[in-house]
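This report covers two loop residues and two helix pairs. Please read it alongside the sequence and the model.

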Amino acid sequence: MTEAELYSVYKGVYVPKLLHPPECLKYYEEFNFREDDILIAAYPKSGTTWMKEIVPLIQSEGDLTPVQTIPNWDRVPWLEENRASILNLEERPSPRIFATHFHYNMMPESFFKVKPKVLCVLRNPKDVFVSSFYYYVMFGSWFDHVKGWIHAKHQENILYIFYEEMIMDLKESVRKLSSFLGKSLGEELIEKISDHCVFKNMKQNQMSNYSLVPAEFLDQNKSEFLRKGISGDWRNTLTTAQSDHFDSVYEEKMKDVKFPFLWA
Ligand code: A3P
């Protein structure tokens, strides 16, 4: 297949045509948010799938049924994907949980009016790069994605959370997420959710490890989706010269950005 057959350009960003045909982007553009919707916004390979496990468990107060019976792409649909338009999202009770890989400036009109809750997941770009290498690179530049979301106009409805802090202390991150989502969960539930969502356990969940996706779409013999689940894997992969080059590009692109990134 040629590139033109595989990808289309939406608001300046390459997106896979198969997942985002024009009618689905129309549905996305006309989508009506509710104020209590929860939107997980993350550049691919930053921890979207992880969040799709944690947030439903916070909402269900530790009941494992949703994460053990519903595949994560229907449990927390990508709003911009083809499937969103056939899932009757309008009928779902609040709070609905969605995910998006789209940039801030690609959000539909209703997002800016209604200001739903946003969980913006950020990860060291070197690890995003390594993780993508085993998978793909799409959805535009990491720099544009991250700069757009961290400079969002209204931030009172956004929680910025780092993949690295979830790796360092998952229980504390679940506590932080629950409190932002207005859920007060006791220590036992926080413990239960964190235990389920730790890499080695979550990797076993068929509803979340993408093992239900046919190999023609996602061949996990080449690389598993839940691959390593660590921070700092770039150290095992990039040469010193590659890492230095990465740093110089990063410095240039981020020179005017003041944001307390965990890796900077
Ligand atoms: P690696 O390839 O570095 O292992 P996304 O879902 O945004 O595409 O991100 C995928 C990355 O998140 C992969 O990184 C995957 O292993 C990691 N991941 C998914 N679930 C995780 C978990 N429970 N703990 C740690 N990392 C997780």
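The helix pairs come after the loop residues.

This is a predicted model, in which local features need pLDDT of at least 70 and side-chain atom pairs count only at pLDDT 80 or more, while totals for chains, interfaces and linings use all residues. Residues are numbered from 1 along each chain as its sequence is written, and side-chain values use heavy atoms, with hydrogens and water left out.

**Loop residues**

Helices (H or I, at least four residues) and strands (E, at least two) are DSSP runs numbered from the N terminus. Asp-37 sits in the loop that joins helix H2 (22-29) to strand E3 (38-42). Its relative accessible area is 0%, so Asp-37 is buried; buried means under 20%, exposed over 50% and partly exposed in between (1.4 Å probe, protein chains only). Asn-124, in the loop between strand E5 (117-122) and helix H7 (125-133), is also buried, at 12%.

Both side chains have polar atoms paired with other residues, as tabulated.

| Side chain | Partner | Distance |
|---|---|---|
| Asp-37 | backbone nitrogen of Arg-34 | 2.7 Å |
| Asp-37 | side chain of Arg-96 | 2.8 Å |
| Asn-124 | backbone nitrogen of Lys-126 | 2.9 Å |

A polar contact is a pair of N or O atoms within 3.5 Å; within protein, one must be able to donate a hydrogen and the other to accept it, and residues adjacent in sequence count only if both atoms are side-chain atoms.

Contact in general means heavy atoms within 4.5 Å. Beyond four places in sequence, Asp-37 touches Phe-31, Arg-96, Phe-98, Pro-116 and Lys-117. On the same basis, Asn-124 is in contact with Glu-164, Trp-234 and Trp-263.

**Helix pairs**

Axes are lines fitted to C-alpha atoms, for helices over the stretch in contact, and angles run from 0 to 180 degrees between N-to-C directions. Helix H3 (residues 48-59) and helix H11 (residues 187-197) have axes that come within 10 Å and cross at roughly 155 degrees. H3 and H11 are therefore roughly antiparallel; angles under 35 degrees count as roughly parallel, over 145 as roughly antiparallel, 65 to 115 as roughly perpendicular and the rest as oblique. From H3, Trp-50, Glu-53, Ile-54, Leu-57 and Ile-58 meet Ile-193, His-196 and Cys-197 of H11.

For helix H8 (residues 142-150) and helix H14 (residues 240-253), the packing angle is about 40 degrees and the axes are 11 Å apart. H8 is therefore oblique to H14. Trp-142, Phe-143 and Lys-147 of H8 make the contact with Val-249, Tyr-250 and Lys-253 of H14.
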